[in-house]
Amino acid sequence: MKKTRTFKTLLVTGGAGFIGSNFILYLLRKYQDYQIINLDLLTYAGNLANLTEVEANPNYKFVKGDIADKKLIYNIVKDVDIIVNFAAESHVDRSILDSAAFIHTNIMGTHTLLEAARINGLKRFHHISTDEVFGHLGPYDPPFNEKTPYAPRSPYSASKAAADHLVNAYFNTYGLPTTISNCSNNYGPYQFPEKLHALFITNLLEGKKVPLYGDGRQIRDWLYVTDHCEAIDLIIHQGKPGETYCIGGACEKTNLAITKKILELLGQGEEMIEFVTDRPGHDRRYAIDFTKIKTELGWVPKTPFEEGMKQTVEWYRNNAQWWQNIKSGEYLEYYQKQYGIK
Ligand code: NAD
Ligand code: TYD
């Protein structure tokens, strides 16, 4: 029998971002007895509008803050059972332009959380990572798995790799009960419109063209965000301390194929594609072998590609105000007033 852990208070960091907010909504719908603290710095990528559904829920509390702020973190962590660390600078293109914030949040921030977890003897530290730490694959290479050596190629993936090493070091050195999940590309509701799906769908809804990098033949493995949330839920409750779990969608697609699917679902033609200069050091292909989480925890992705794409396009069509506020910068003005953010 697998041991299922129970917790009272979960600290979810980066819970105002894309995957973190989907995870909080998922947890609060599923569990009635968990207290969730969402700690988020509300960078450009954090958006409390993602969490309107739960803002009045007595089991939910929002704290605005930086995961690298030692005083704040030590103060919060003494009252929690588990940390699920989503907080990160997450966009490769931004890391190419300026990587300082990536080092601060992804490395220094993760270290601050680990120290606080160690000092307070937390029951679990779950770290959300990416398949990008493994580098990239050629067309015939076998997919990444938990034993694939780390070979990150962008400042983003290098900072995520450093964080993963720190997490493993805290398990090996101090016995902190850590777990890591390395997931492939997610898509779905509440994704910031700088990433492929959200940018392309919203551009097309605005009548704008979509900027496809290089030849559009790079391959990503795509997972619908709720399937990722289910995998994390299983890992934090049944995963084994010290272990890494690779999570994937069994859904390798070229960027061109994704673009064509979005165009089809929106009834638009290929003249809306604008081939633009390629990303420097653009990773060619990612793919994930998720046999371990499938056999050990019984997880498989549930949302078929066609269904996930349809739901995603529909969501952005039906929630135009959400992304229009972001694209117009209105939500940042709201935070400036509400939280005094400069
Ligand atoms: P996101 O950029 O949408 O959200 C990141 C959140 O972290 C934002 O709310 C932001 O305000 C917050 N944040 C940033 N710096 C912070 C700090 N110093 N302190 C506190 N909060 C801070 O990212 P996402 O796409 O939701 O990704 C979440 C996690 O999942 C990241 O760790 C990312 O590396 C990982 N991941 C993402 C994908 C993907 O396809 N999006 C795939 C695999 C793994
Ligand atoms: P992205 O969503 O930024 O995720 P990641 O870089 O973490 O994989 O990009 C997904 C793929 O889409 C990647 O190969 C780059 C490509 N892409 C474009 O072609 N045009 C764009 O405007 C963006 C944002 C991405």
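In this predicted model, the side chains of His-126 and Thr-179 are joined by a polar contact of 2.8 Å. His-126 belongs to strand E5, and with a relative accessible area of 0% this histidine counts as buried, because the cut-off for that class is under 20%. Strand E5 also has a part in the surroundings of ligand 1, since it provides three residues of the shell, which is the largest share.

**Ligand 1**

The shell around ligand 1 consists of 29 residues, and the closest of these are Ile-19, Asp-40, Ser-90, Tyr-156 and Lys-160. Sorted by class, the shell holds 13 nonpolar, twelve polar and four charged residues. Backbone atoms take part in several of the polar approaches to this ligand: a nitrogen atom of ligand 1 lies 3.0 Å from a polar backbone atom of Ile-67, an oxygen atom is 3.5 Å from a polar backbone atom of Leu-42, and a backbone N or O atom of Phe-86 is found 3.0 Å from an oxygen atom of the ligand. Of the 830 Å² of accessible area that ligand 1 has on its own, the protein covers 97%. Two or more shell residues come from each of helix H1 (18-30), strand E5 (124-130), helix H5 (155-174) and strand E7 (185-187).

**Ligand 2**

Around ligand 2 there are 17 residues, with Glu-132, Pro-211, Arg-220, Arg-279 and His-282 as the closest. The class composition of this shell is eight nonpolar, four polar and five charged residues. Side chains supply the polar atoms in the approaches to ligand 2 that follow: Arg-279 places a polar side-chain atom 2.6 Å from an oxygen atom of the ligand, His-282 does so at 2.7 Å, and an N or O atom in the side chain of Asn-255 is 2.8 Å from a ligand oxygen. The protein covers 96% of the 510 Å² of accessible area that ligand 2 has on its own. At least two shell residues are supplied by each of helix H6 (196-205) and strand E8 (210-213).

The polar approaches to both ligands are collected here.

| Ligand atom | Protein atom | Distance |
|---|---|---|
| Ligand 1, oxygen | Leu-42, polar backbone atom | 3.5 Å |
| Ligand 1, nitrogen | Ile-67, polar backbone atom | 3.0 Å |
| Ligand 1, oxygen | Phe-86, backbone N or O atom | 3.0 Å |
| Ligand 2, oxygen | Asn-255, side-chain N or O atom | 2.8 Å |
| Ligand 2, oxygen | Arg-279, polar side-chain atom | 2.6 Å |
| Ligand 2, oxygen | His-282, polar side-chain atom | 2.7 Å |

**Strand E1 and its partners**

Strand E1 (residues 9-13) is largely enclosed by the rest of the structure, because five of its five residues are buried. The side from which Thr-9, Leu-11 and Thr-13 point and the other, from which Leu-10 and Val-12 point, are both made up of buried residues. E1 pairs in the parallel sense with strand E2 (residues 35-40) over five bridges, and within this pairing Gln-35 of E2 is the bridge partner of Thr-9. Between these two strands the chain passes through H1, forming a β-α-β crossover that is right-handed; H1 is also among the elements that give two or more residues to the shell around ligand 1. E1 runs parallel to strand E4 (residues 82-85) as well, joined to it by four bridges, and there the bridge partner of Thr-13 is Asn-85.

Definitions and conventions: Residues are numbered from 1 along each chain as its sequence is written. Chains are lettered from A and ligands numbered from 1 in the order in which they are written. This is a predicted model: local features need pLDDT of at least 70, side-chain atom pairs count only at pLDDT 80 or more; totals for chains, interfaces and linings use all residues. Side-chain values use heavy atoms; hydrogens and water are left out. A residue is near a molecule or strand if one of its heavy atoms lies within 4 Å of it. A polar contact is a pair of N or O atoms within 3.5 Å; within protein, one must be able to donate a hydrogen and the other to accept it, and residues adjacent in sequence count only if both atoms are side-chain atoms. Accessible areas come from the Shrake-Rupley method with a 1.4 Å probe; for residues, only the protein chains shown count as cover. Ala, Val, Leu, Ile, Met, Phe, Trp, Tyr, Cys and Pro count as nonpolar, Asp, Glu, Lys and Arg as charged, and the others, Gly among them, as polar. Buried means under 20% relative accessible area, exposed over 50%, partly exposed in between (1.4 Å probe, protein chains only). Two strands pair if DSSP finds at least two bridges between them. A crossover is right-handed if, with the strands pointing away from the viewer, the path from the first strand over the helix to the second runs clockwise.
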